[in-house]
Each structure stands twice: as structure tokens, then as C-alpha cells.
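Reader: I should be grateful for a close look at the side-chain contacts of chain A, with the aromatic pairs and salt bridges treated in turn. Please add what is needed from the rest of the structure for context.

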Amino acid sequence: MKIVYVILALILTVFMLSCQKEVFIELPEPENKLVVEGWIEQDQYPVVSLTRNSPYFSAVDSSTLANLFILNAQVYVSDGTLTEQLTIDFSNAFLGIWPFVCYKGSLIKGEVGKSYYLTIYAEGDTITGVTTIPEPVVLDTVWWKPEPNTDDTLGYIWGIYNDDPLLKQYFRLFTLRKGRDLDWVPAFGSVYDDIFFNGIEFEFSIYRGVTALTDIEAIENDDELFAFKKGDTILLKIGSIDREHYDFWRTVEQEYFSGGNPFVFPVVIRHNVEGAIGVWGGYGASIYQVIAE
Amino acid sequence: MIIRIFFLFTFCVFFAYISEGQKYTISGYITDEQTGESLIGTNVYVKNPVRGTTTNAYGFYSITLEKGTNVLYASFLGYSDWSKEIVLNGNVSLNIKLSPSAITTQEVLITGDRPDKNVQSTEMGTFDMPVEMVKKLPSLFGEVDILKTIQLKPGISSGGEGSTGFYVRGGGPDQNLILLDEAVVYNAAHLFGFFSVFNADALQNVEIHKGSMPANYGGRLASVLDISMKDGNNRKYAAQGGIGLISSRLTVEGPIKKDTSSFIISGRRTYVDVLMKPFLKKSSPLKESAYYFYDLNAKVNYRLSDKDRLFLSGYFGRDVFDLSSSEDNFSNKISWGNATAVLRWNHLFNQRVFANTSIIYSKYDFAFEAFQDQYDMKLVSGIEDWNAKMDFTWLPNTKHTVKFGANYVYHTFTPNNASAKTSGVELDLGKPVELYSHEGALYLGDEFDLTGLIRINAGLRYSLFSHIGPFDRFVKDPITNQTVDTIFYGKGENVKTYQHIEPRISARFMIDEFSSVKAGFTQNYQYIHLAAVSSISLPTDIWVPSTELVLPQRGNQYSVGYFRNFYKNMFEGSVEVYYKDMKNQIEYKEGALIEDNINNNTDNNFTFGNGTSYGIELFLNKQTGKFTGWIGYTLAKTTRQFPDINLGEEFPAKYDRRHDVSVVAMYEINPNLNVSLVWVYSTGNTATLPVSRYIIGGNVVNEYGPRNSFRMPAYHRMDVSLNYTPKPKKQRRWESSWNFSVYNLYNRRNPYYIYFETKGNITEGYLEIKAQQVSLFPILPSVTYNFKF
């Protein structure tokens with residue numbers, strides 16, 4: 001009888017072991033594409049970065065990373081009356097903030113309600129895009145609340161938002177911990193569509209974003225994963241965005257989280273630029289400060 | 001034009017009938033002498049010349065012969081042959097009782113079909129799968145599975161390990177009509193397709209139509225799987241069951257009133273979750289999880305008189321998957337299942353007219369509930385049918401078998417109703433949606449001998465489908481995707497109606513006693529569709545009706561074949577070639593997401609296109625002797641073309657399998673011991689893989705290549721099994737047998753899926769991507785103990 005139990009155990013253990021092995025796949029050479037990541041916020045100058053795509057399995061190290069950026073493009077931003085050529089800027093590279101190489105403006109500042117046109121000439125291609133800066137979103141209240149079982153040391157940021165049923169709004173959330181984050185970090189699951197809470201008073205929590213989603217070691221060792229520590233001063237930015245801008249980040253984040261999942265149909269990214277892939281988006285920003293106490 | 005053909009052949013039928021000479025009919029029911037169980041598909045025939053028929057799904061036969069002396073024969077698998085000399089001076093009612101034969105000799109057939117049915121019948125692509133044979137073959141974990149066994153025949157391929165559907169001649173999983181005692185079973189799979197919902201102990205016969213579907217079936221494009229439950233022993237009480245590695249089953253049957261009425265109840269449940277618990281670490285996230293499935297089949301029948309019989313049968317089954325952790329404060333519960341109930345009334349109008357009336361209820365539902373911290377979400381989906389049908393069989397003479405009837409179904413669809421709450425606030429996910437429709441059909445078909453060598457089966461089916469209210473149509477602006485108008489339809493109000501005539505014709509031309517050529521053409525319409533959420537079949541796939549936007553699927557199948565038996569019907573062989581073209585196939589629009597379903601109609605998210613499938617099937621079967629088995633090979637191609645997918649370029653269907661080979665061998669060592677071996681090989685599944693990557697927001701984004709352009713490695717495996725039935729010296733009431741099976745004998749790591757593992761941090765300057773292949777089942781031995789008393 002004992003033997004039967006042992007055999008059973010063996011069989012079940014065999015079943016439970018995940019049979020997994022690395023395989024080597026031949027993929028065809030991809031078509032070269034240019035990738036635009038650009039934004040303009042109200043009261044701020046536009047920022048645009050231009051990179052290349054790479055064959056799927058090509059590994060990345062510091063030299064290949066540098067080669068991804070396009071350094072000799074002509075990037076223009078226009079508000080309908082004024083046009084400005086953006087100049088290349090390497091300051092992000094020294095700080096270790098993505099994107100390392102950008103084209104920045106110094107003349108046109110974003111204004112709520114206006115449309116901005118992007119034109120890029122690079123490597124023989126012409127790239128165009130248009131975006132708007134919608135009316136910023138106003139939150140009722142924002143606060144930090146500790147989570148149970150953490151000795152009151154860790155918590156999430158909570159907000160109350162009164163949705164206007166007549167106004168169609170999309171927004172994107174960012175956080176920045178003073179003295180700890182070098183730049184704005186998009187929240188984990190950063191984009192919202194007001195269709196889910198149209199016209200109601202909506203209470204929601206914000207999870208601190210993960211900058212490098214594939215850095216498994218850092219994620220596993222992060223004691224403050226998704227949360228904010230007591231004592232931190234956190235800035236919260238809510239950027240109001242238009243529909244095309246929302247579609248881009250919604251599909252990109254879906255791809256971040258499900259990319260490589262064999263059970264889901266591949267996500268089709270909704271780019272909003274012509275002649276390349278990527279995004280050119282405006283933000284109507286409101287900034288709030290929360291002290292975690 | 002079609003109406004004219006219709007009247008022409010109705011006229012021919014009548015003309016043939018009235019111009020006959022002096023003939024009389026012998027008819028009756030054929031049953032098992034010991035249990036009283038009706039025998040389906042029993043051959044009843046006369047010789048010189050060979051002419052005959054088979055019993056129908058209720059064990060009824062009717063044969064019209066010349067006045068005078070005739071010798072009538074009846075034969076069926078596992079029973080001693082029966083014959084009787086009959087002097088025919090008038091119509092005769094003759095019920096036949098066959099006695100089970102324990103002796104297996106060279107002559108006994110191991111298929112349920114008439115020896116030369118391969119050559120004689122007009123229907124191509126139709127075959128029976130007797131349950132007794134299925135039980136002899138090797139099985140996964142010792143679980144006998146009808147659906148897995150039919151996939152061993154050419155033209156029927158598996159969806160892959162862990163996939164619920166099966167594909168027939170390049171058709172999708174929703175294009176197979178699966179019937180259990182006439183009730184539609186919408187999702188015939190337990191545990192994501194590892195096992196089917198059919199408990200073999202409760203079943204009597206399985207009939208598959210993959211080629212020319214006769215006119216009495218409709219509503220699906222690719223195939224019909226018609227499964228009959230046993231009626232139950234009406235002479236004495238009996239029970240049988242088995243204890244297996246992961247599930248156990250028990251069947252109890254017996255008479256309610258001897259020779260008149262009987263019942264059968266059959267149940268099965270897994271306990272893999274209970275067994276696993278001691279082996280899981282306390283810290284394992286699966287610690288509080290459970291997975292189990294159960295099913296229950298029940299049937300009662302009552303013979304009111306020689307002319308009337310009543311049956312009531314039902315099926316109820318459920319899968320429950322519970323992934324929870326009270327410590328981490330989350331709970332995910334997924335459950336799905338079918339429930340069916342059928343009330344049937346057989347009525348014999350006279351010797352030549354048999355009728356069956358049925359009232360059927362069938363329901364499939366799926367529920368997903370997730371709870372985490374303050375967030376609570378529920379998603380339900382399903383379909384519910386109320387169905388009434390009448391089927392008549394009229395045998396005016398031996399030359400014609402006329403079938404006609406009507407079918408009506410009222411469908412209620414719940415495509416996907418979601419509700420969610422966060423911190424007690426109910427989120428607005430739109431009004432819960434239910435869709436209603438009527439589906440109906442009328443059919444008329446006749447199988448007749450045009451000449452001594454040519455037999456034709458011709459039929460017409462008229463089908464109708466109406467989408468009715470209450471229904472709200474959200475009219476969307478094609479560019480902004482915002483709702484610009486809402487149209488309200490009241491209860492019962494017609495939203496959209498479709499009606500079609502479906503011709504079905506097949507013919508057989510005898511070349512000689514042992515060979516024939518057959519050809520067939522069928523046109524089918526399918527009014528309900530399965531929208532697949534992911535690239536493999538899952539219980540989350542939703543059934544949707546045809547609407548103004550979703551047109552009925554249409555399939556035309558052309559097939560031709562050559563059939564030959566060898567060595568006095570010891571071997572049957574065939575070569576069949578088919579071509580199918582399918583219109584109005586459905587897929588989700590690329591990039592469709594959950595939010596798209598809010599205050600929106602499900603069908604606004606679909607896109608439509610065509611499918612084409614063609615192939616050649618080779619089959620060789622040894623039917624008699626100690627060594628039996630078959631080899632099947634299919635070479636086929638299935639493609640789809642959708643204007644909105646893959647930039648309008650043709651792409652391989654998910655289930656495009658270039659090669660599919662099955663080898664089945666069974667050997668009877670002695671009456672107590674038999675062994676069997678199965679080897680399958682098929683071209684790998686298609687997959688859409690990324691071809692390049694780029695960086696957005698400091699993270700990797702994949703760019704995908706053409707749809708289904710990648711081919712996974714081929715799938716092949718070998719299974720063996722041994723059945724041992726000890727026969728004690730003294731005949732005891734308790735009989736037992738052991739089944740030892742090994743699944744995947746040479747432990748091949750067949751790919752289940754390939755995923756990409758990305759590691760690294762761009763801002764720190766390093767990134768690495770690897771492809772990982774996950775396989776499911778390694779070598780799996782199993783033991784099952786079966787008993788009977």
C-alpha cells in the first residue's frame with residue numbers, strides 16, 4: 001500500500017515539474033524603423049527622442065545602446081504660428097535618465113487648449129505628428145495611507161476625483177519622490193479613461209511605477225515595490241491627455257505586461273505619428289504634493 | 001431553381017413508391033438479450049442480392065422485402081450472429097434479441113459498422129466509434145476519452161495539449177456540432193481540454209460526420225459528433241466503475257419495471273487537488289488552491305407500448321478552479337460547465353414510419369471571480385437553449401429511406417457581463433447584456449438506389465435565424481469610435497433575420513463488390529459563433545449570435561473518394577480528397593480590449609474574412625483478427641484571409657496542420673490480455689512571434705511579424721496500454737480488470753508554447769532576451785482499476 005502512495009507521489013511530482021528549456025529561433029531580419037518618443041507639457045518646452053528598432057534577440061550593452069539614438073535629425077515643433085527647431089541635448093545621459101539623448105526646445109512653451117505639430121527629417125524619412133494639450137484634471141483630495149501589515153511604514157497614494165460627466169477625459173499618472181527619484185516615474189498602470197467612472201466621485205489608489213520592468217533582480221529585492229515609504233515627500237503629476245495619446249500608452253502598457261504571453265493575441269500598438277512608430281503627446285499637467293506621514 | 005429540384009425529387013419518391021411490386025415490411029427493435037439495451041447501428045440484411053439496413057439511434061429497423069421466403073440476418077460487434085427464415089405474406093413486427101458473444105474468433109469484427117459499409121454507404125467521412133473499442137486504447141492518466149480517440153482518425157486533428165477544441169478538415173472548434181442524446185454540448189472539455197466531458201461508461205455509441213453532413217443535421221460548418229447514452233439495463237441491476245490516478249467513476253443501472261423501464265446514473269469526479277495538498281509547501285501560492293471537475297449523466301426510459309417509448313436524459317458537469325491565498329488577500333475562482341436535459345418520445349406510426357419528438361434544454365456558462373484587497377470583479381458568459389424538434393424516418397420500400405423533420409431553438413446569449421467594485425464603489429462597466437434569437441430548420445432528404453450500382457443521398461435543409469430584441473444597438477463613428485446613436489429594440493422585435501437553403505448531396509458508384517467511388521457536395525450555414533479571446537481555445541471563449549453586423553458563416557464542401565476493401569473485408573482502405581471554402585469567419589479586431597465592451601455591442605469588436613481548406617486523407621484499417629488497427633495520414637492546408645488582419649494578406653489558420661499521422665495497433669494476446677499502441681505525429685502549431693524590438697519609456701516593446709508566420713516544432717508521441725482482465729475459476733458476480741497505460745512513452749518534450757524571457761535594465765545598459773519553450777506532459781504512466789458487478 002505504501003508503495004502505491006510513493007508511486008503516486010512520483011507521478012504527481014513529475015507532472016508538477018515545469019518542463020522548460022531554452023530554444024534558439026531563427027527570426028527574419030526586421031525592417032528598419034525609427035521610433036519617436038516625444039512630449040510637450042503646458043508651460044514646458046517640447047522634448048523629443050529618436051531611436052532605432054533592433055533585431056529581436058540582439059543583446060544590449062553600453063555601446064549598442066549608444067548606437068540606438070539618432071543624432072543628426074532635424075526636429076521641428078510648431079504651434080500653428082511659430083516653428084522652432086529643437087537642439088540636441090545629452091544631459092540625460094550623464095544623469096542616467098531615459099531617454100539619454102533628446103532634442104529639446106527653448107522657444108515654444110506648451111499652452112492648454114492648443115495643438116502642436118511635430119516634423120522630423122531623419123535618415124531620408126519624414127515623420128509627422130500632431131497632439132493637443134487638454135484641460136488639466138483637478139483632484140478633490142490626495143493623501144498617503146499606510147497599508148496593513150507593514151507597521152505603517154509602507155502605503156499607497158490615494159486620490160478622490162469628481163468626474164465631470166460632460167467632459168471626456170483621459171489622463172496619465174506620474175510620481176516623483178523628492179531626493180530619491182531623478183525624474184517622473186509613470187505609475188504602475190498609468191493611464192485612465194473616465195468611461196469607467198463617468199460622472200461619479202471616484203476614489204482610487206496609485207501604485208508606484210517600476211522603471212525597469214525586466215530587471216527581475218531589482219524587483220524581487222525591492223522592499224518598497226509599488227509602495228511609498230513613510231517619511232517620503234512625493235510629487236504626483238496628473239497629465240491630461242487626448243484620445244490618441246491615451247491609446248498609445250494604453251496599448252504600450254498592455255504590451256509591457258503581456259508581451260511574450262503566448263495565450264494572448266499580440267497587442268497592436270496605436271502609434272500616433274506618421275512615417276515612423278511611437279508617440280508625440282501633449283500633457284495638461286496638475287501637480288500635487290503628498291507627504292507620507 | 002432549387003425549388004424546382006425539390007419538387008422533382010419529391011415526385012420521384014412518390015412515383016417510386018407507387019410503382020413497386022408486391023412487398024412487405026419486417027420491422028422491430030433490436031436489443032441486447034441480457035440487458036435489454038437497444039443496439040444502435042446493428043446490421044440487418046438479406047443475401048442474394050445483399051440488401052439491408054441498420055438500426056437507428058433507438059434500435060429500430062425496418063426492411064421491405066419481396067413476398068415469400070426470406071432469410072433475415074442480424075449482426076453487430078460483440079454479439080453472436082443471428083439469422084431466421086421468414087415467410088412473408090404480410091407486414092411483420094419482429095423484435096430481435098442478440099446475445100453477447102464472449103468468444104473472439106477470426107471472424108468477429110471489431111468495428112460497429114457493417115463489413116462493407118466502407119464501400120457501400122453513400123456518406124463519405126462518416127464513421128462510428130464503438131465505446132468498447134475506445135476503452136481498449138491507451139489514455140492519458142487512464143481516462144478513457146472519446147474526443148481524444150476520434151482525433152486518431154484522418155481529417156480530425158487535435159487542438160494541441162491543453163486546448164479545448166478539435167478541428168475537422170481545417171474547420172474551427174466552434175464548427176463542430178457535439179450532441180449528447182440530441183442536446184448540444186457547447187464546451188465539451190474539462191481542465192482546458194485535457195479530458196472531455198463524456199464519461200465512457202454512460203455511453204453507447206459515437207457517430208461522426210466529417211464529410212457530407214446529411215440534411216437532418218445543420219447549424220455548424222465542419223462536423224457532427226452524435227453521441228448516444230446507454231438506456232440502462234432493463235432486466236437486472238448492474239454497476240460498473242473504476243478507480244484511476246486522478247479521477248474515479250461509478251455507473252449504476254437497472255430496471256424500474258422489468259423489460260419495460262430502466263434507469264442509468266453515471267458519475268465521475270477528480271481528486272487531483274486533494275492528492276496534491278500534502279505535497280505542496282506551506283509557502284506555495286497554490287496551498288489553498290483547488291481544481292476539480294465532476295460530471296453526472298442520468299437517463300430514464302419507459303416503453304409505453306409496442307409503438308411508443310419515452311426517454312428522459314440529462315447531463316450536468318462542472319469544472320472549478322480556485323486559486324486563492326488568504327495570507328496575500330486574494331482569491332481567483334474560475335468555474336464553467338454544461339447542463340442538458342432531454343425528453344424524447346419515439347412513436348411508430350406503422351411498420352415504415354418512425355418518428356421522434358424531443359424537447360431539449362442546454363446551457364453552458366462560465367464565471368470568473370477575482371478578489372484582491374479592495375478590488376472585486378466578476379465576469380460571466382454563457383449560452384442557454386430551449387429546443388424542440390421532430391424527426392421522421394419513412395421507409396416506403398427498400399430502395400428509399402426518406403427523412404424529414406423540423407427543429408426550433410430559442411437561444412439566450414450572455415456574451416460577457418462584467419461587474420467590478422473598488423473600495424465599495426461600483427464601477428460603470430455598462431449595462432449587463434443578453435442577446436436573444438430564434439433558430440429554426442426544416443429538412444427533407446432521401447437515400448435511394450438510382451440503379452443497382454448508384455446510390456444517391458440527396459437532401460435540402462431550409463434554415464432560418466432571427467436576432468430579436470430586447471436589444472440596444474450602439475452606432476459607432478468609424479473614426480473616433482464614439483457612440484453617435486443608440487437604437488432601441490423592444491422585446492421580441494425583429495432586429496435581423498437570415499434564411500437560407502442548404503443543398504446536400506452525395507453519391508456512391510459501385511465499381512465491384514469491394515470497391516466504390518463516392519462524391520459529395522454540402523452547403524452549410526452556421527448562425528452562432530465562438531469568438532476566441534486568445535490564441536488557444538479556452539473556456540473564456542464566448543458564443544455570439546449572428547446580428548446585423550455578424551453574418552452567418554457559410555461553408556461549401558466538395559469531396560470525392562475512392563474506397564476499397566481487401567481480403568474479404570478484412571482490410572478497408574480509402575483515399576478522400578476535399579476542398580472547403582468558408583465565408584464570414586470571425587476574429588476579434590486587432591487590438592480589441594476589455595474597455596471596448598463597455599456601452600458597446602460585442603459585435604462592434606469583430607472583423608470578418610474568409611477561410612479555405614483542402615486536403616487529402618489516406619486511411620487503411622484492419623478490422624478482423626487478433627491484430628487490428630489502422631493508419632491514417634492527412635496532408636492538408638488551411639488559410640484565412642481577412643481585410644483587417646495581417647494587412648489583408650492571406651495567413652495560415654491557427655490550426656493549419658500540414659501533416660497529420662496516426663497509427664493505432666491493438667493486439668489480443670489471449671482473452672484476458674490485450675495490448676494497444678498509438679503513435680501520432682503532426683506539424684507544429686502556428687504562432688505569431690516578434691521580429692524586432694524597440695524601447696519606449698525605458699522598457700522593451702515587441703514588434704510582431706506576420707500573423708501565424710512561425711511554425712513550432714512538430715508534435716509527436718507514442719502511448720501504450722495493457723488491459724488485463726483476470727478470469728477466476730468460479731464465475732463470480734464481481735468482475736474486475738486492470739488498465740496500465742503509459743502516455744508519451746519516449747518522453748518527447750512537445751512544445752506547448754514558446755515565450756520570451758527578457759532580463760535587464762536599459763538605463764544601466766544591459767538587456768538579454770531568450771526564447772523559452774514550455775512542454776506539458778513528460779512520460780506519464782498510470783494505473784486504473786475497473787470493476788463490474
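Author: What follows describes chain A, then its aromatic and charged contacts, and then some contacts in chain B.

This is a predicted model, in which local features need pLDDT of at least 70 and side-chain atom pairs count only at pLDDT 80 or more, while totals for chains, interfaces and linings use all residues. Residues are numbered from 1 along each chain as its sequence is written, chains are lettered from A and ligands numbered from 1 in the order in which they are written, and side-chain values use heavy atoms, with hydrogens and water left out.

Chain A has five helices and 19 strands; these are DSSP runs numbered from the N terminus, helices being H or I with at least four residues and strands E with at least two. Along the principal axes, the C-alpha atoms of chain A fill a box of roughly 90 × 50 × 40 Å. Of its 293 residues, 49% count as buried, a word that stands for under 20% relative accessible area, with exposed meaning over 50% and partly exposed what lies in between (1.4 Å probe, protein chains only). The accessible surface of chain A comes to about 14200 Å², and 54% of this belongs to carbon and sulfur atoms; such areas come from the Shrake-Rupley method with a 1.4 Å probe, and for residues only the protein chains shown count as cover. Among contacts in chain A (heavy atoms within 4.5 Å) between residues at least 6 apart in sequence, 64% join residues at least 24 apart.

The aromatic rings come next. A pair of aromatic rings is described by the distance of the centres and the angle of the planes. Rings of Phe, Tyr and Trp (its six-membered ring) pair if their centres lie within 6.5 Å; planes under 30 degrees apart count as stacked, over 60 as edge-to-face and the rest as tilted. Over all chains, the structure holds 54 aromatic pairs. One of them is the tilted pair of A:Phe188 and A:Phe226, with 4.5 Å from centre to centre and 50° between the planes. This pair links distant parts of the chain, 38 residues apart: A:Phe188 belongs to strand β14 (residues 185-193), whereas A:Phe226 lies in the loop between α4 (216-220) and β16 (228-229). A:Phe188 is partly exposed, at a relative accessible area of 29%, and A:Phe226 is partly exposed at 24%.

Chain B offers another tilted pair, B:Tyr294 with B:Phe316, at 6.3 Å centre to centre and 40° between the planes. B:Tyr294 lies in strand β21 (residues 290-303) and B:Phe316 in strand β22 (residues 308-325), 22 residues apart. B:Tyr294 is partly exposed at 28% relative accessibility, as is B:Phe316 at 39%.

Two rings of chain A also have a lysine charge over them, a term that requires NZ of Lys or CZ of Arg within 6 Å of the ring centre and within 35 degrees of the ring normal. The charged end of A:Lys109 sits over the ring of A:Tyr45, 5.5 Å from the centre, and that of A:Lys237 over the ring of A:Phe174, 5.2 Å from the centre.

Turning to salt bridges, the rule is a side-chain nitrogen of Lys or Arg within 4 Å of a carboxyl oxygen of Asp or Glu. The count by this rule is 44 over all chains. A:Asp194 and A:Lys168 form one, with their closest N and O atoms 3.0 Å apart. A:Asp194 lies in the loop between β14 and β15 (201-206) and A:Lys168 in the loop between β12 (154-162) and β13 (170-177), so the pair ties together parts 26 residues apart in sequence. A:Asp194 is buried, at 1% relative accessibility, whereas A:Lys168 is partly exposed at 38%.

A:Glu224 forms a salt bridge with A:Arg180, at 3.1 Å between the closest N and O atoms. Because A:Glu224 lies in the loop between α4 and β16 and A:Arg180 in the loop between β13 and β14, this pair ties together parts 44 residues apart in sequence. A:Glu224 is buried at 12%, and A:Arg180 is partly exposed at 37%.

A third salt bridge joins A:Asp247 and A:Arg250 (3.3 Å, N to O). Both residues lie in helix α5 (residues 243-258), three residues apart, about one turn of the helix. A:Asp247 is buried at 7% relative accessibility, and A:Arg250 is buried at 7%.
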